[in-house]
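Visitor: I should like to learn how the terms used for a protein structure are justified. Would you take me through them one by one?

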Amino acid sequence: LYRPVCNQVINHDPDISLIPPRAPTLFTLRLAGSSQTGNQTLRGRLFIACRPINLSSKKQALQELAQRAADITGAQERAIFDVLLERERLGTTGVGNGIAIPHGKLAQLEQLQGMFARLETPVDFESIDEQPVDLIFLLLAPEEAGADHLKALARVSRLLRDKNMCEKLRGTEEADALFALLSDSAHSNAA
């Protein structure tokens with residue numbers, strides 16, 4: 001369901017601004033913050049699927065995320081899917097507790113891109129704890145991102161390691177509430 005909040009700036013912090021979405025169920029925020037290892041600032045775009053996605057397998061989840069990421073980033077869907085599959089062949093990105101963080105690097109990207117999605121029904125992601133996944137945070141980075149890719153991955157991992165945060169993400173139905181949870185957490189984890 002399209003929510004007007006997806007087109008409004010609801011946080012007046014200069015480092016966060018919403019961008020009109022290309023797909024009606026997505027909204028975007030730009031975030032910037034200091035990394036814990038120095039004065040560097042990581043900048044990227046985060047897209048949030050406002051409604052749960054109904055999928056039945058890991059491959060289908062990766063395909064759907066690749067399609068949505070292609071619409072948002074302008075990169076080729078097949079290239080995104082191939083990067084994600086290649087990473088999964090190295091080892092699962094299902095990190096446990098119902099969470100997966102698929103990630104990869106693409107030459108077509110100019111900045112970090114993230115997408116958060118909840119699955120309507122958990123799917124087998126071959127997770128390290130063998131539990132099905134219902135929270136997915138996709139992270140894509142430019143090929144030359146180097147350490148920024150790893151720093152962003154560490155931030156996402158810290159955020160989703162918080163069981164209380166994951167419970168809130170699972171229980172939140174409103175787009176503005178998801179935005180508040182992820183943007184407030186992104187800034188507190190970036191400090």
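Guide: The following conversation sets values against definitions. This is a predicted model, in which local features need pLDDT of at least 70 and side-chain atom pairs count only at pLDDT 80 or more, while totals for chains, interfaces and linings use all residues. Residues are numbered from 1 along each chain as its sequence is written, and side-chain values use heavy atoms, with hydrogens and water left out.

Visitor: What makes a stretch of the protein chain a helix or a strand?

Guide: Helices (H or I, at least four residues) and strands (E, at least two) are DSSP runs, numbered from the N terminus. The protein chain has 5 helices and 8 strands, in the order β-β-β-α-α-β-β-β-β-β-α-α-α along the sequence.

Visitor: Why is Ser127 called buried?

Guide: Buried means under 20% relative accessible area, exposed over 50%, and partly exposed in between, with a 1.4 Å probe and protein chains only. Ser127 has 5% relative accessibility and therefore counts as buried. Ser127 belongs to the loop between strand E7 (112-123) and strand E8 (133-142). Of the 191 residues in the protein chain, 50% are buried.

Visitor: Which residues does Ser127 contact, leaving aside its neighbours within four places in sequence?

Guide: Contact means heavy atoms within 4.5 Å. With those neighbours set aside, Ser127 is in contact with Thr92, Gly94, Gly96 and Val133.

Visitor: What makes the approach of Gln131 to Ser127 a polar contact?

Guide: A polar contact is a pair of N or O atoms within 3.5 Å; within protein, one must be able to donate a hydrogen and the other to accept it, and residues adjacent in sequence count only if both atoms are side-chain atoms. The backbone oxygen of Gln131 lies 3.3 Å from a polar atom of the Ser127 side chain, so the distance satisfies the limit of 3.5 Å.

Visitor: How do you know that E7 and E8 pair?

Guide: Two strands pair if DSSP finds at least two bridges between them. E7 and E8 run antiparallel and are joined by 7 bridges, so the requirement of at least two is met. Within this pairing, Arg118 has Leu135 in E8 as its bridge partner.

Visitor: Which partners does E8 have in the parallel sense?

Guide: Strand E5 (residues 99-100) pairs with E8 in the parallel sense over 2 bridges, and Ala100 stands opposite Ile136. Strand E6 (residues 103-106) pairs with E8 in the parallel sense over 4 bridges, and Gly104 stands opposite Leu140. E8 is mostly covered, with 10 of its 10 residues buried.

Visitor: What makes a group of residues a nonpolar core?

Guide: A nonpolar core is a set of buried Ala, Val, Leu, Ile, Met, Phe, Trp, Tyr and Cys residues joined through side-chain atoms within 4.5 Å. The largest has 29 residues, and those touching the most other members include Leu106, Ile136 and Leu140. Two or more residues come from each of strand E3 (41-49), helix H1 (58-73), helix H2 (77-90), E7 and E8. H1 gives the largest share, 7 residues. Apart from this core lies another of 22 residues, among them Leu46, Leu135, Leu139 and Leu169.

Visitor: Which residues does Leu106 contact beyond four places in sequence?

Guide: Leu106 is in contact with several residues outside that range, including Ile80, Val83 and Leu140.
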